[in-house]
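Good morning, colleagues. I should like to use these few minutes to walk through one structure, beginning with its interior and then turning to its sheets.

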Amino acid sequence: MRRAHAMPFGAEMIAGGTRFALWAPTAQDVSLLLDGAEMPIPEVQGGWREFIVPSARTGSRYGFRIDGKLVVPDPASRWQPDDVHDLSQVIDPRAYDWSDVGWKGRPWEETVLYELHVGTVTLEGTFAALTSKLDALKETGITAIEFMPIADFPGRRGWGYDGVLPFAPDAAYGTPDDLKRLIDHAHAIGMMVFLEVVYNHFGPSGNYLHAYAEKVFTDRHQTPWGAGINFDGANGRTVRDFFVHNALYWLEEYHIDGLRLDAVHTILDDSETHILEEIATRARNAFPDREIHLVLENDANEACWLERGADHRPKL
């Protein structure tokens, strides 16, 4: 079983090559750096830059030069072998052959959750080392593990809450395939896997969005980390898509069973449909035959997000 989540941005391997797409509405010029070569990327519309390169392949290293100066990684990078300040790497998500074809998850009432930090739960601090511990965790009665945030953060050590590249599992823990093998084995022994995601801010180091996409942020909303993420203003649709696709990406491409959304009371959105509601609706519609669990940290205790229908299933 091969899995991949199609996205409108980032590096997507397609028939005839690899498509590179970047939303850079506040940049004047953008060039693609690819395996030592540099080529200008034309603007398509609405600040989008898109280019198809027939020679780009799995393992190709790439980045973007902004206005002839700053070189940045892909904000939708699937893999950062050399951390958040360096070039991204093209990944073929279909290269991994999953064995959990029949896995649909488990109902919430069967959840015995063990929250863990990949970097500290084993001596090695890797996905591979954790994989070897899953059977022992199962013997204790645990039916689900939850990763603290693994989105790529600067350096080799961190709690994960200063992540800046939300599609890239941090290289300090291993490769994307290492993570997939961990999840595959968890499912093989009947264990669910949850992932904590941070949709309320980006960390300060390695966040280059201000250099070419200032419209990702808005001064209309303030958070403990500064300007809020622009979910509800002009250009908000593109920003919303980035985070909606991130949720769907983990659920589909990595076959994650549930997401724990960090500090949702700081996700400020005056849209008619709140971004949390959109993520929930899109996830339920995309995977109607799976047990998908969405868990919130909410200091405001907003009970509206916890409503259930007559069938006792979550409304969102």
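**Cavities and sheets**

Helix H5 gives the largest share of the lining of the largest cavity, namely four residues. Please keep in mind throughout that what you see is a predicted model.

Let me place that cavity in context. A search of the whole structure finds six cavities of 30 Å³ or more, and the largest has a volume of about 180 Å³. Which residues lie nearest the centre of the largest cavity? They are Trp 23, Pro 75, Leu 209, Val 216 and Phe 242, out of 18 residues that line it. The elements giving two or more residues to this lining are strand E2, helix H4, residues 209-212, and helix H5, residues 236-252. In character, the lining divides into 15 nonpolar residues, two polar residues and one charged residue.

The second largest cavity has a volume of about 150 Å³. Its lining is made up of 18 residues, and Ala 151, Pro 166, Val 197, Val 198 and Tyr 199 are those nearest its centre. H5 appears here again, for E13 and H5 each supply at least two residues of this lining. The division in this case is 13 nonpolar, four polar and one charged.

Two of the strands just mentioned lead us to the sheets. I begin with strand E2. An open sheet of three strands runs in the order E1-E2-E5, with antiparallel pairing. Strand E1, residues 10-14, and strand E5, residues 48-53, are the edge strands, each pairing on one side only. On average, and with direction ignored, neighbouring strands of this sheet are turned by 20° against each other. Strand E2 covers residues 17-23 and is joined to E5 by six bridges, the two strands running antiparallel. As one pair to locate on the screen, Arg 19 has Ile 52 in E5 as its bridge partner.

Strand E13 belongs to another sheet. Five strands form this open sheet, in the order E9-E10-E13-E16-E17, and the pairing is parallel. Why is one side of strand E9 and of strand E17 left without a neighbour in the sheet? Strand E9, residues 113-116, and strand E17, residues 293-296, stand at the edges and have a single partner strand each, so one side of each remains without a neighbour. The twist from one strand to the next averages 20°. Within the sheet, four bridges join strand E10, residues 144-147, to strand E13, residues 192-197, and these two run parallel. Here the bridge partner of Ile 145 is Val 193 in E13.

Methods:
Residues are numbered from 1 along each chain as its sequence is written. This is a predicted model: local features need pLDDT of at least 70, side-chain atom pairs count only at pLDDT 80 or more; totals for chains, interfaces and linings use all residues. Side-chain values use heavy atoms; hydrogens and water are left out. Two strands pair if DSSP finds at least two bridges between them. Axes are lines fitted to C-alpha atoms, for helices over the stretch in contact, and angles run from 0 to 180 degrees between N-to-C directions. On a 1 Å grid over the protein atoms alone, a cavity is a set of points where a 1.4 Å probe fits but cannot get out, and a pocket is an open set with protein on both sides within 12 Å along at least five of seven lines; lining residues have an atom within 4 Å of a point. Grid points are joined across faces, edges and corners, and a volume is the space filled by probe spheres set on the points. Ala, Val, Leu, Ile, Met, Phe, Trp, Tyr, Cys and Pro count as nonpolar, Asp, Glu, Lys and Arg as charged, and the others, Gly among them, as polar.
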